[in-house]
Amino acid sequence: MEAPVLQPPVTAPASVGKTGVLIVNLGTPDSPSVPDVRKYLREFLMDGRVIDVPYIPRFLLVNGIIAPFRAPKSAKVYKQLWSEVGSPLKHYGYIVERELQQALGNDYVVKLAMRYQSPSIDAGLADFQRMGLTDLIVIPFFPQYASASTGSVYEKVMDILKTWQVMPKLRFVNRFLEHPKFIEAFVQAGRKYLAERPYDHVLFSYHGLPERQIRKGDVTKDVCRFGDCCGSLTAMNQHCYRAQCFETTRRIVRELGLKDGTYTTCFQSRLGRDPWIKPYTDDIIKELAGKGVKSILAFSPAFVSDCLETTIEVGEEYKEMFEERGGEHWQLVESLNDNPLWIETLVDLVKTA
């Protein structure tokens, strides 16, 4: 009788039992070339949560008007932003990926992804699937929730995971504007500039959204009025992006000890003719300059990494606008980038997700 063939023992992959952490930022073109910028704009603006109109008019608008005509102009601006390490958003993203992995240790696998372009969410989740990870945490890099940012990441992740045979235990971080270390990171950066010189006014400029998107998120259909309703963050308006931005300002202002009348919350980056949430940053700059304000310290607390909207739009374009109207000193407070407090924030978010 032949002896039974002994099978080698099954060895579990080293990743079994670990938790996958997908950190997701908005995205950036692969290069500042016109074709790469056009490709990025098409993917970004064809997202139905970004331009929330029916598919056919959205397709015609993006591919027939915006991408062809905007790409060459945007490519020139991206060339201003680019450095020897490439896009700052992606550069700092990889640093945060490495630092967060080191801080969390071997029980976690951290991967950076972009909602648009590379490294893609598809690739990051595919890696987790190959590793056999069934416990996943997704952290969109947006301090305030909005359908066009955090909501879009949720939708993309769920579209991918619904095809998996084994559905993972999935946890999302919805927002983190209340996290004390996130606030303290911006406060410390601001204090550095406030210690160097006095400023006539402090500006908090957030990325804008069409008013219609805020209305769609108001399930009561009666709370959002785009005014004093954002004076506090409550159970009724907690999902309103505009209210969350005003709350972020209040928390930073409280820690900095700024007085009423010395700061303003406003919104940038409008697109199209429909009304966007107000007040508009460019209008506020003109108004302040008209009142004789000579120095402004500008925060961009909707962004955790330097990018086109911070470095170029707030740091250069708004500075030029201010100085053309008599302003003398404009200072942008840098984003969190690889700030140790930002890494500590993420560690806390992972462990309490």
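Select Ile121 to begin: leaving aside residues up to four places away in sequence, Ile121 touches Leu22, Val24, Ala113, Met114, Arg115, Val153, Lys156, Val157 and Ile160, where contact means heavy atoms within 4.5 Å. The model is predicted, so local features need pLDDT of at least 70 and side-chain atom pairs count only at pLDDT 80 or more, whereas totals for chains, interfaces and linings use all residues. Residues are numbered from 1 along each chain as its sequence is written, and side-chain values use heavy atoms, with hydrogens and water left out.

Keep Ile121 selected and add Val21, Ile23, Leu125, Ile139, Tyr241 and Phe299: of the 94 residues in the largest nonpolar core, these touch the most other members. Such a core is a set of buried Ala, Val, Leu, Ile, Met, Phe, Trp, Tyr and Cys residues joined through side-chain atoms within 4.5 Å; buried means under 20% relative accessible area, computed with a 1.4 Å probe on protein chains only, while over 50% is exposed and anything in between is partly exposed. A second, separate core has 15 residues, among them Ile284, Ala289, Ile296 and Met321.

Next, go to Asp47, in the loop between α1 (34–45) and α2 (55–81); helices (H or I, at least four residues) and strands (E, at least two) are DSSP runs numbered from the N terminus. With a relative accessible area of 6%, Asp47 is buried. Its side chain reaches the backbone nitrogen of Arg49 at 2.9 Å, and a polar contact of 2.4 Å joins the side chains of Asp47 and Ser152. A polar contact is a pair of N or O atoms within 3.5 Å; within protein, one must be able to donate a hydrogen and the other to accept it, and residues adjacent in sequence count only if both atoms are side-chain atoms. Displaying the surroundings of Asp47 brings in Arg58, Arg115, Tyr116 and Ser152, which Asp47 touches when residues up to four places away in sequence are not counted.

Now turn to the rings, for a search of the whole structure finds 15 aromatic pairs. Rings of Phe, Tyr and Trp (its six-membered ring) pair if their centres lie within 6.5 Å, and planes under 30 degrees apart count as stacked, over 60 as edge-to-face and the rest as tilted. Phe141 and Trp342 form an edge-to-face pair, 5.1 Å centre to centre with 70° between the planes. This pair links distant parts of the chain, 201 residues apart, with Phe141 in the loop between β3 (135–140) and α5 (147–161) and Trp342 in helix α11 (residues 340–352). Phe141 is buried at 3% relative accessibility, and Trp342 is buried at 1%. To see the cluster that ring pairs form here, add Phe176, Phe182 and Phe186 to Phe141 and Trp342.

From Trp342, extend the selection along α11, where Leu341, Trp342, Ile343, Thr345, Leu346, Val347, Leu349 and Val350 are buried. The elements covering these buried residues include β1 (19–27), α3 (88–104), β2 (108–116), β3 and α6 (180–196). At the start of α11, a side-chain oxygen of Asn339 reaches to within 2.8 Å of the backbone nitrogen of Leu341.

As a last stop, select Arg270 and Tyr280: the charged end of Arg270 sits over the ring of Tyr280, 3.8 Å from its centre. The criterion is that NZ of Lys or CZ of Arg is within 6 Å of the ring centre and within 35 degrees of the ring normal. Arg197 likewise lies over the face of Tyr199, at 5.4 Å from the ring centre.
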